[in-house]
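Open the model in your viewer and keep the sequence panel beside it. We will go from stop to stop, selecting a few residues each time and saying what is there.

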Amino acid sequence: MSPSELEDWLKEEQSASSGWSKDDGSGETIGHESGRKIIDILKKNPNKDPDQYEEEDLQHMRKVVSYCKRHLAQEEKAKQNTDSKSYKSLKNWGHDPLKN
């Protein structure tokens, strides 16, 4: 997903209703927070120059790839049912299973 697609998605009510809540009492889900971090990473390095990423950025993106890979392997319905929590959660993490 592009930064603007992800931003638009995170503004939707359904994006906030899927995933595990953070332990800080904010009500935000872990995936929603991850989506905001992804937007920041993509915006500060729009050309995706490997030398411009900070170590924290790389660590987060490794976490994102691992999460998406694991969920896609376990949850076939994420590709079939756009109302599923799996589909919504993957979008929070910056991956739309319906896009090629």
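Select helix α6 (residues 85-92). Seven of its eight residues are buried, so α6 is largely enclosed by the rest of the structure. Buried means under 20% relative accessible area, exposed means over 50%, and partly exposed lies in between, with a 1.4 Å probe and protein chains only. The buried residues to colour in α6 are S86, Y87, K88, S89, L90, K91 and N92. Helices here are DSSP runs of H or I with at least four residues, and strands are E runs of at least two, numbered from the N terminus.

Before moving on, note that this is a predicted model: local features need pLDDT of at least 70 and side-chain atom pairs count only at pLDDT 80 or more, while totals for chains, interfaces and linings use all residues. Residues are numbered from 1 along each chain as its sequence is written, and side-chain values use heavy atoms, leaving out hydrogens and water.

**Next stop: a helix partner**

Keep α6 and add helix α1, residues 3-11. Their axes come within 9 Å and cross at roughly 130°. The axes are lines fitted to C-alpha atoms, for helices over the stretch in contact, and angles run from 0 to 180 degrees between N-to-C directions. The two helices, α1 and α6, are therefore oblique to each other; angles under 35 degrees count as roughly parallel, over 145 as roughly antiparallel, 65 to 115 as roughly perpendicular, and the rest as oblique.

Which residues in α1 and α6 meet? Show L6, W9 and L10 from α1 with K88, K91 and N92 from α6. Contact means heavy atoms within 4.5 Å.

**Next stop: two rings**

Select Y67 and W93, which form a stacked aromatic pair, 4.2 Å centre to centre with 15° between the planes. Rings of Phe, Tyr and Trp (its six-membered ring) pair if their centres lie within 6.5 Å; planes under 30 degrees apart count as stacked, over 60 as edge-to-face and the rest as tilted. Y67 sits in helix α4 and W93 in the segment after α6, 26 residues apart. Are these residues, Y67 and W93, buried or exposed? Both Y67 and W93 are buried. Also just after α6, you can find G94, with a positive phi of about 85°.

**Next stop: helix α3**

Click on I39, in helix α3. At 7% relative accessibility, I39 is buried. Leaving out residues up to four places away in sequence, I39 touches P3, L6, E7 and L10.

Now show E7 with K43: these two form a salt bridge, their closest N and O atoms 2.7 Å apart. A salt bridge is a side-chain nitrogen of Lys or Arg within 4 Å of a carboxyl oxygen of Asp or Glu. This pair links K43 in helix α3 to E7 in helix α1, 36 residues apart. K43 is partly exposed at 47%, and E7 is partly exposed at 27%.

Add K44 and D57, another salt bridge, with 3.2 Å between the closest N and O atoms. K44 lies in helix α3 and D57 in helix α4, so the pair ties together parts 13 residues apart in sequence. Salt bridges with shared partners join K44, E54 and D57 into one network.

**Last stop: a loop**

Finish at K48, in the loop between α3 (30-44) and α4 (55-74). K48 has a positive phi of about 55° although it is not a glycine. With a relative accessible area of 54%, K48 is exposed.
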